[in-house]
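Open the model in your viewer and keep the selection panel at hand. The stops below say what to select next and what is there.

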Amino acid sequence: GLRWPERPPGTGGAARAMEEPPPPQPASGAAPPTTPQDLTVFVKNLLEQMQQRFETMSEQIVGRIDEMGTRIDDLEKSIGELMEQAGVDPVEAVNSGGSAGGATSQSS
């Protein structure tokens with residue numbers, strides 16, 4: 001049968017893909033931390049960056065939720081105005097399962 005030529009370890013793409021990724025580098029581009037103090041500073045900076053990103057994402061999510069709430073309020077208002085223009089009492093339409101069947105709005 002056919003045999004593929006053997007390659008020395010580390011020369012194929014698959015072998016490179018299985019190597020461990022390089023350790024994270026400090027943001028300043030300096031050499032990787034080597035002393036316990038350098039490692040402590042590196043981890044502290046990394047955690048601060050993660051916290052800032054988390055806070056930014058949290059603010060974006062809250063902003064989008066607020067915007068969605070405003071849009072829902074506007075939609076409810078528009079639906080109410082349309083029902084009023086059609087002569088449908090919103091309470092009556094909800095109680096009858098949404099089928100107004102030509103009902104007219106009644107004054108209280």
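**First stop: L39 and its helix**

Select L39: the residue sits in helix α2, residues 36-85. Helices here are DSSP runs of H or I with at least four residues, strands are E runs of at least two, and both are numbered from the N terminus. This is a predicted model, where local features need pLDDT of at least 70, side-chain atom pairs count only at pLDDT 80 or more, and totals for chains, interfaces and linings use all residues. Numbering starts from 1 along each chain as its sequence is written, and side-chain values use heavy atoms, with hydrogens and water left out.

Is L39 buried or exposed? L39 is partly exposed, because its relative accessible area is 44%. Buried means under 20%, exposed over 50%, and partly exposed in between (1.4 Å probe, protein chains only).

**The patch**

Add V43, L46, L47 and M50 to L39. Together these residues form a nonpolar surface patch of about 440 Å² accessible area. Patch members have over 30% relative accessible area and no salt bridge; nonpolar side chains (Val, Leu, Ile, Met, Phe, Trp, Tyr) are joined within 5 Å, like charges within 9 Å. A salt bridge puts a side-chain nitrogen of Lys or Arg within 4 Å of a carboxyl oxygen of Asp or Glu. Areas come from the Shrake-Rupley method with a 1.4 Å probe; for residues, only the protein chains shown count as cover. An α-helix has 3.6 residues a turn, so residues three or four places apart point the same way.

**Along α2**

Now select all of α2. Its 50 residues reach 73 Å from first C-alpha to last, close to the expected 74 Å, which is 1.5 Å times one less than the number of residues. Just after α2, stop at G87, where phi is positive, about 80 degrees.

**Back to the loop**

Select P32, in the loop between α1 and α2. P32 counts as partly exposed because its relative accessibility is 37%. Add F42: 10 residues from P32 in sequence, 8.8 Å away C-alpha to C-alpha.

**Whole chain, colored by confidence**

Zoom out. The protein has three helices and zero strands. Of its 108 residues, 6% count as buried.

Color by pLDDT, the predictor's confidence in each residue from 0 to 100. The mean is 75, and 58% of residues reach 70 or more. Confidence is highest in α2, at 96, and lowest in helix α1 (residues 13-17), at a mean of 44. Residues 10-18 fall below 50, with four contacts beyond near neighbours in sequence; a contact means heavy atoms within 4.5 Å. Where pLDDT is low, the predicted coordinates should not be read in detail.
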